[in-house]
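Trainee: Could we go through this structure together, one question at a time, and reason each answer out?

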Protein chains: 2
Amino acid sequence: MREELAIGIDVGGTKVRAGLVDARGKVFAGAELSVGKERSSKEVSEKAARLAGELMRGSEGEVEAVGCGVPGIVDFREGVVRASPGFPGWRDEPMRGMISGALGRPVFMDNDANMHAVGEARFGAGRGCENVIVLTLGSGIGAGLILGGKLFRGDEGFAGEVGHVVLEPEGPPCNCGGRGCLELFAAARSFELIETRLSGEEASTLRGALGGKGPDPASAAILAREGNEAALRLWEEFGRALGVGIATVVNVLGVETFVIGGGISRSLDLFAEHARRSALSHTYVRHEGSLRLIRAELGDDAGIIGAACQALSCR
Amino acid sequence: MREELAIGIDVGGTKVRAGLVDARGKVFAGAELSVGKERSSKEVSEKAARLAGELMRGSEGEVEAVGCGVPGIVDFREGVVRASPGFPGWRDEPMRGMISGALGRPVFMDNDANMHAVGEARFGAGRGCENVIVLTLGSGIGAGLILGGKLFRGDEGFAGEVGHVVLEPEGPPCNCGGRGCLELFAAARSFELIETRLSGEEASTLRGALGGKGPDPASAAILAREGNEAALRLWEEFGRALGVGIATVVNVLGVETFVIGGGISRSLDLFAEHARRSALSHTYVRHEGSLRLIRAELGDDAGIIGAACQALSCR
């Protein structure tokens with residue numbers, strides 16, 4: 001018997017990607033289009049529909065469902081993108097209707113972090129787990145919660161704002177309007193802030209090694225792998241902050257499996273043990289043996305696979 | 001047609017209470033026995049069984065199920081109490097088997113905070129909500145999570161340790177082994193710590209009004225209702241800390257309905273607005289209109305009703 005097929009679409013800030021996926025999470029064919037300067041939701045929706053249409057024509061079997069992940073605040077019931085950090089002008093864009101209209105068939109739409117989480121939980125690093133938290137470490141921190149085997153969205157679809165868990169109530173301001181949020185200390189943009197908390201000697205060693213520039217994840221990783229002490233300290237502080245955030249999720253939810261994705265997860269070996277130790281120092285000792293931080297396995301395909309998989313299960 | 005009946009048992013540190021409850025959450029008859037000095041799990045289990053037996057004999061209809069809530073770390077699958085703060089000597093006590101054996105029928109057992117939460121969510125202040133967080137403010141902070149209409153326990157039954165959400169990573173030590181936990185700042189035992197953070201003038205006004213003693217929730221409430229500025233400041237700080245904890249839960253779960261129970265909830269009017277404002281200052285603005293802090297409605301009966309209700313639904 002032939003497997004069911006679905007199309008997953010992943011909208012990013014610079015390109016739209018799509019893939020033909022079977023019910024076991026295998027990607028058969030993929031395609032992408034870059035997003036131009038106009039970046040209107042209409043333009044992006046048309047590109048998504050063109051990609052999906054192309055893959056449908058090329059598929060040998062029947063495509064059962066089409067799913068799409070979009071960054072930002074997505075009203076999945078209405079299929080409307082309320083706002084998106086990657087597309088600052090967008091307000092209440094009815095993208096599901098646009099893609100669906102251009103394609104001539106129903107489309108499922110949700111937040112991209114949720115789609116990543118479904119992909120990793122079903123077919124990636126979290127497979128087999130009833131409860132998994134998928135953290136995506138990028139310029140901010142996204143999270144998808146799989147609880148009892150299902151995506152949990154909260155009352156209005158805003159679950160998983162783990163990046164805005166408060167680490168320092170009186171800390172530096174965050175662009176969410178709050179202060180001292182986790183993603184100020186444990187995301188790509190955190191490295192310059194962490195640098196300010198090193199000792200004067202550490203900071204000047206680091207600046208010296210970076211030719212006077214501030215650190216970023218890539219340069220901090222290169223230096224740390226060369227044994228640069230100050231860079232290793234940056235990752236230690238990064239891990240320590242992330243661990244406090246993880247402890248918070250463990251204390252609230254009692255979930256012990258965290259899948260770490262996003263660009264910075266390439267450096268997981270540099271901060272995983274610091275994060276784990278920090279998390280355990282803020283949770284009951286009984287989590288010691290069972291708390292797991294695992295690297296995401298599906299890379300860029302997680303969103304495509306998750307969108308396809310969620311679309312199949314929401315038919 | 002006659003309603004289904006169940007017995008709910010609520011084990012506390014000083015007494016065991018039980019009630020005959022119908023499927024609409026109405027308590028028909030109740031009984032209690034005090035817990036003596038020995039406080040072995042065998043003694044407590046026997047009292048629970050005697051109460052349940054008495055209520056069964058007195059009921060006119062058939063009792064369909066028996067449920068029991070016990071404070072502490074309860075392995076609900078095995079029916080074993082791993083440890084309990086109210087009964088320091090208990091280790092891996094097979095209480096479900098003891099009660100069930102003495103009663104001659106199956107018994108359902110879980111943590112008491114979970115049973116409170118089920119009671120309030122089904123028949124109390126949270127009724128009608130798909131997602132509710134029930135916080136019990138007492139000497140510590142307990143929480144029960146109702147997600148998607150069901151009790152969520154986490155991987156091993158340890159969900160809801162909201163009292164150990166980290167407020168100050170380098171703050172005062174907590175008896176969980178961590179530092180700066182929420183329940184150091186927003187539970188019954190927090191008032192002396194909060195006092196140390198008042199200004200010198202506020203603190204000495206307060207000590208004067210209390211005849212030199214340190215504040216506790218009851219005295220702080222009396223003084224605050226009399227308009228004592230320093231006591232009002234205590235409740236402001238209490239609410240501010242609780243609000244940060246609530247913000248954390250909102251950021252992780254996107255759930256916006258919080259039912260506040262436990263002894264301190266009698267003073268909810270003194271801290272609710274501070275807590276709400278503090279929570280909103282640490283979450284996205286979109287929660288402004290929908291975040292709700294509601295007082296628990298079932299009082300001491302919540303645990304009995306929840307245990308009966310959960311036992312009926314787990315048959």
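**Salt bridges and the chain interface**

Mentor: In this predicted model, B:Glu237 counts as partly exposed, its relative accessible area being 21%. Let us begin from that residue.

Trainee: With which residue does the side chain of B:Glu237 meet in a salt bridge?

Mentor: The two partners are three residues apart in helix α7 of chain B, and are therefore separated by about one helical turn. The partner counts as partly exposed, at 37% relative accessibility. The closest approach is 3.6 Å, N to O, and the residue that B:Glu237 meets is B:Arg240.

Trainee: Which residues of chain A are linked with A:Glu237 in a network of salt bridges?

Mentor: Over all chains the structure holds 38 salt bridges. In the network that includes A:Glu237, the other members are A:Glu202, A:Arg233, A:Glu236 and A:Arg240.

Trainee: Which residue forms a salt bridge with B:Glu32, and how far apart in sequence are the parts that the pair ties together?

Mentor: B:Glu32 is partly exposed, with a relative accessible area of 44%, and its partner B:Lys15 is also partly exposed, at 32%. The closest N and O atoms of B:Glu32 and B:Lys15 are 3.6 Å apart. Because B:Glu32 lies in strand β3 and B:Lys15 in strand β2 of chain B, the pair ties together parts whose separation in sequence is 17 residues.

Trainee: Is A:Arg17, which meets A:Glu32 in a salt bridge, buried or exposed?

Mentor: The side chains of A:Arg17 and A:Glu32 meet at 3.6 Å, N to O, and the pair links strand β2 with strand β3 of chain A, 15 residues apart. A:Glu32 counts as partly exposed, at 44% relative accessibility. For A:Arg17 the relative accessible area is 17%, and buried means under 20%, so the residue is buried.

Trainee: How many salt bridges are counted between chain B and chain A?

Mentor: The interface has 40 residues of chain B in contact with 40 residues of chain A, and about 3,400 Å² is buried between the chains, 57% of it on carbon and sulfur atoms. Across this interface there are 14 residue pairs in polar contact. For salt bridges between the two chains, however, the count is zero.

Trainee: As by what kind of axis are the two copies related?

Mentor: A rotation of 180°, with 0.0 Å of shift along its axis, superposes chain B on chain A with an RMSD of 0.0 Å. The copies meet through the same surface, because 100% of the interface residues of chain B are also interface residues in chain A. The relation is thus as by a two-fold rotation axis.

Terms used. Residues are numbered from 1 along each chain as its sequence is written. Chains are lettered from A and ligands numbered from 1 in the order in which they are written. This is a predicted model: local features need pLDDT of at least 70, side-chain atom pairs count only at pLDDT 80 or more; totals for chains, interfaces and linings use all residues. Side-chain values use heavy atoms; hydrogens and water are left out. Contact means heavy atoms within 4.5 Å. Buried area is the accessible area (1.4 Å probe) that two parts lose on being put together, summed over both. A salt bridge is a side-chain nitrogen of Lys or Arg within 4 Å of a carboxyl oxygen of Asp or Glu. A polar contact is a pair of N or O atoms within 3.5 Å; within protein, one must be able to donate a hydrogen and the other to accept it, and residues adjacent in sequence count only if both atoms are side-chain atoms. Copies are superposed by least squares on the C-alpha atoms of residues with pLDDT of at least 70 in both. Helices (H or I, at least four residues) and strands (E, at least two) are DSSP runs, numbered from the N terminus. Buried means under 20% relative accessible area, exposed over 50%, partly exposed in between (1.4 Å probe, protein chains only).
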